[in-house]
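Student: Please take a close look at the helical part of this structure. I would like one connected account of how its helices pack and which residues take part.

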Amino acid sequence: MSVFKARRVIDQIRGRSYEETLMILELIPYRASYPILKTVSSAAANARHNMGLNETDLFISKAEVNGGTIRKRLRLRARGRSYPIKRPTCHITIVLKNQSKEFG
């Protein structure tokens, strides 16, 4: 997806709690919200499994979208001509932190 379309969704969830982020991403009407929802839930599962953190105490401390490579394809047209199709990609980075004072 385009970087601009993904940033429109990421700007809505930056700095919010994990549970509030899930509600926002499920109700927001953009197609970019589904891959971001999967990334956020994967980050929370990693925090729970690897670090032993509770999901209710997590919040999004850093959320960014950077541009990736552009996939270039050719669309065949009439009279043997072709037009280029550029499919942009992006890299989504989500960092979760614990809200409680006892842990960092």
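**Packing of the three helices**

Tutor: Helix α1 (residues 3-13) and helix α3 (residues 33-51) cross at roughly 50 degrees, and their axes come within 9 Å of each other. The axes are lines fitted to C-alpha atoms, for helices over the stretch in contact, and the angles run from 0 to 180 degrees between N-to-C directions. Helices (H or I, at least four residues) and strands (E, at least two) are DSSP runs, numbered from the N terminus.

The model is predicted, so local features need pLDDT of at least 70 and side-chain atom pairs count only at pLDDT 80 or more, while totals for chains, interfaces and linings use all residues. Residues are numbered from 1 along each chain as its sequence is written, and side-chain values use heavy atoms, with hydrogens and water left out.

The crossing angle of α1 and α3 makes α1 oblique to α3; angles under 35 degrees count as roughly parallel, over 145 as roughly antiparallel, 65 to 115 as roughly perpendicular and the rest as oblique. The crossing of α1 past α3 is right-handed. A crossing is right-handed if the near helix is turned clockwise from the far one by less than a right angle, and left-handed if anticlockwise. On the α1 side, the contact (heavy atoms within 4.5 Å) is made by A6, V9, I10 and I13, and on the α3 side by S33, I36 and V40. The contact of α1 with α3 comprises six nonpolar residues, one polar residue and no charged residues. In this classification Ala, Val, Leu, Ile, Met, Phe, Trp, Tyr, Cys and Pro are nonpolar, Asp, Glu, Lys and Arg are charged, and the others, Gly among them, are polar.

One residue of α3 deserves attention at this point. I36 is located in helix α3 and counts as buried because its relative accessibility is 0%. The terms are set by relative accessible area: buried is under 20%, exposed over 50%, and partly exposed in between (1.4 Å probe, protein chains only). Although 26 residues separate I36 and I10 along the chain, their C-alpha atoms are 7.8 Å apart. Neighbours within four places in sequence aside, I36 is in contact with A6, V9, I10, I13, L25 and I92.

The buried residues of α1 give the complementary view: V3, A6, V9, I10 and I13. They lie on the same side of α1, because they cover an arc of only 135 degrees around the axis, the arc being that of the directions from the helix axis to the C-beta atoms. Their cover includes α2 (18-27), α3, β1 and β2.

The next pair is α1 and α2, whose axes come within 10 Å and cross at roughly 145 degrees. This crossing is right-handed. Here V9, Q12 and I13 in α1 meet T21, I24 and L25 in α2. By class, the contact of α1 with α2 has four nonpolar residues, two polar residues and no charged ones.

In α2, the buried residues are Y18, T21 and L25. They occupy the same side of α2, because their arc around the axis is only 55 degrees. M23, E26 and L27, on the other side of α2, are exposed. Among the elements that cover the buried residues of α2 are α1, α3 and β1.

The remaining pair is α2 and α3, which pack at an angle of about 160 degrees with their axes 9 Å apart. This angle makes α2 roughly antiparallel to α3, and α2 passes α3 in a left-handed crossing. From α2, the residues Y18, T21, L22, L25 and E26 meet S33, I36, L37, V40, S41 and A44 in α3. The residues of this contact of α2 with α3 divide into seven nonpolar, three polar and one charged.

A further residue of helix α3 is R48. R48 is partly exposed because its relative accessible area is 45%. Residues up to four places away in sequence not counted, R48 touches L53 and E55. Between R48 and L58, 10 residues apart in sequence, the C-alpha to C-alpha distance is 9.8 Å.

Outside the helices, R79 lies in the loop between β1 (58-76) and β2 (82-98). R79 counts as exposed because its relative accessibility is 78%, and its phi is near 60 degrees, a positive value in a residue other than glycine.
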